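Here are some remarks on the model you sent round, set out as numbered points so that each can be checked against the coordinates.

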Amino acid sequence: MIEQTDQAGTLLLTAENIGFSVRGKTILTDVSLQLHSKEIITLIGPNGAGKTSLIRILLGLSHATTGRVKREENLRIGYVPQRIQVPDVMPLRVCDFLNVAGLYRMDQCQQILEEVNCDYLLYSPMQNISGGEMQRVLLARALLKMPQLLVLDEPASGMDIIGQQSLYETIRNIRDKHDCGVLMVSHDLHLVMAATDRVICLNTHICCTGHPDDVSEHPEYLKLFGDAIEGLALYSHHHDHEHDLQGNIVASEHCHSCEHNQDMK
Amino acid sequence: MMDIFHMDSFILYALAAGMALALVVGPLGSVVIWRRMAYFGDTLAHAALLGVALAVAAEQLPMAGVVLIGVVIAVLLFWLEKQRDLSTDTLLGILSHSALALGLIVLSVIQSQGYNINLMSYLFGDLLAVDRSDLVLMYGAAFVILLIFSQLLSSLISISVNEELARVDGVAVEKVRFIFMILLALVIAVALKVVGILLITALLIIPAATARLFSKSPKQMVLSSVLLAAIAVVLGLYSSLSWDFPTGPAIVVSASCLFFILRVILSCKSEKMDSVSAE
């Protein structure tokens, strides 16, 4: 697959022909992609498409059955999982959670929480914070590492529209401020569009990838942006290949394999 | 009542041995609670009898046998858990009781060959019989345990919160888990003389659980549980000498009393706060 990016980012991670199967069941076949700094990539696809498996492989939490993942040397990855459950038997405040390894000063923790608009949580027990706050605290924890690559697994799951919008805005600001690459998994197509440089649609294999920036210049898109249902419809439009797909991305096998995108609605 | 300023040396030895134990059960007990490893501690304790019996047969230090068997159990558990078809508590049930039964068989065989082993002292501890060489061994082991534990603490906290996050952060999860299991085996070896095989888990769990009731952070819990374990040792030893209670059980009962007293006080307090905020 030929990858081109109009960003000036440096290459962080390359996946080559990743295949993954569990107990004979094929989860991923022949997935190749590159992640660059300063670029926000969103991974979308129906349930069971292998999104979580793919990011686990990229993170090194699982091993690909075939193919390989090449990370830049000493790549600092910040990982924001979907949600975590801190055991009730552990006394753990947000500041302890941020600073498990004891590497940071309290004012650094405070500052990073301000960046995700959660500085009032510094001394709250982890068990007492809400789902939305948890996402932001997880994000803050990832940011403390000054990551070159930020990986988020459905960061906005379980949030309302306002919360999602503000979270994506936060993520965009983080990219601008820290120049890191961002890879996120999402179902929230319409909102993600605005905060994404490239969309990868996955359904076992990569169905197609595209630049939503170009789509978002479309006057109809601008008119519809923010409207959940219409936004979703427009996304499908982008998918059904009547739209120019910036041919530099699409390899031949992709074009006729996108009947899956019906499943995504 | 005895005069604490004129204690006999065996009492001082007992107190010193109890303190060595308090230093290690607090920190490791906290992690045992976070990671829900109480049953694993119990398994190691049961297996310790086999270790003692083998060590006596080989004319080695009982402590060495306990640590060795602890390592064998940890390796076996690691391997069995990888097979994924049985849950950890089932596997521990198998290991725990197999080891105990095997220990009793080996013990009876070597007793019939003329070795003299006092089973009761290993089951319930024999704190008042601690001598100088025991103390040296116990403090040596405690020093090593605490040294390694302090290096490992942040990784242990990290994997207790979430293993995947820890792994992405570069913590060698399997290695840390394994080293911790070995440390636990060492603690069991230290505790053998003090409370005995049957009550070791109690000392791991109760002071740390008591500390959890009021602790705000992991480190506070670790430090408070050392203090609580030390208080339990002093109270237990004192009551044992005053009323001629068996020492190991007296220490455990003291620890439980601390737990229940604090539990009741804190529950009343939070109820009061609730009713105030309701008004």
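The points below go from chain B to the contact between the chains and then into chain A, and they concern a predicted model.

1. Chain B comes to 11 helices and 0 strands, and read along the sequence its pattern is accordingly a run of α elements from beginning to end. Its radius of gyration is 20 Å, close to the 19 Å that the globule rule gives for 279 residues, so chain B is as compact as a globular protein of that length. Along the principal axes, the C-alpha trace of chain B spans about 75 × 55 × 30 Å.

2. On the packing inside chain B, buried residues make up 44% of its 279 residues. If one takes the contacts in chain B with a separation of 6 or more, 75% of them are accounted for by residues 24 or more positions apart.

3. The contact between the two chains takes 18 residues from chain A and 19 residues from chain B. On the side of chain A that touches chain B, the elements giving two or more residues are β5 (77–80) and α2 (94–98) of chain A. By class, that side of chain A has 15 nonpolar, 1 polar and 2 charged residues.

4. The domain assignment of chain A gives domain 1, made of 11–76 + 148–258, and domain 2, which covers 86–145. The contact between them takes 9 residues from domain 1 of chain A and 7 residues from domain 2 of chain A. Helix α5 (residues 161–178) of chain A gives the most to the side of domain 1 that touches domain 2, with 4 residues, and the residues of that side of domain 1 divide into 5 nonpolar, 3 polar and 1 charged.

5. Strand β3 (residues 40–44) of chain A is mostly covered, since 4 of its 5 residues are buried. Strand β3 of chain A is joined by 4 bridges to strand β7 (residues 181–185) of chain A, and these two run parallel; within this pairing A:I40 stands opposite A:V182. Another 4 bridges join β3 of chain A to strand β8 (residues 198–203) of chain A, again in parallel, and here A:I41 stands opposite A:R198.

6. Is A:L33, which has its place in strand β2 (residues 25–36) of chain A, buried or exposed? With 22 C-beta neighbours inside 10 Å, A:L33 counts as buried, because the cut-off for that class is 20 or more. Not counting residues up to four places away in sequence, A:L33 touches A:A15 and A:I200. A:L33 and A:L13 are 20 residues apart in sequence, and their C-alpha atoms are 8.3 Å apart in space.

7. In helix α3 (residues 106–115) of chain A, the buried residues are A:C109, A:I112 and A:L113. Seen down the axis of α3 of chain A, these buried residues fall within an arc of 100 degrees, so they line one face of the helix. What covers them includes α2 and α4 (131–144) of chain A. Helix α3 of chain A is followed by A:N117, whose phi is positive, near 60 degrees.

Terms used
Residues numbered from 1 in each chain as written. Chains lettered and ligands numbered in written order. Predicted model: local features only at pLDDT ≥ 70, side-chain atom pairs only at ≥ 80, totals over all residues. Nonpolar A, V, L, I, M, F, W, Y, C, P; charged D, E, K, R; others polar. Buried ≥ 20, exposed ≤ 12 C-beta atoms within 10 Å, placed from the backbone. Pairing = 2+ DSSP bridges. Domains from an automatic or database assignment. Arc of directions from axis to C-beta. Rg over C-alpha atoms; globule rule 2.2 N^0.38 Å.
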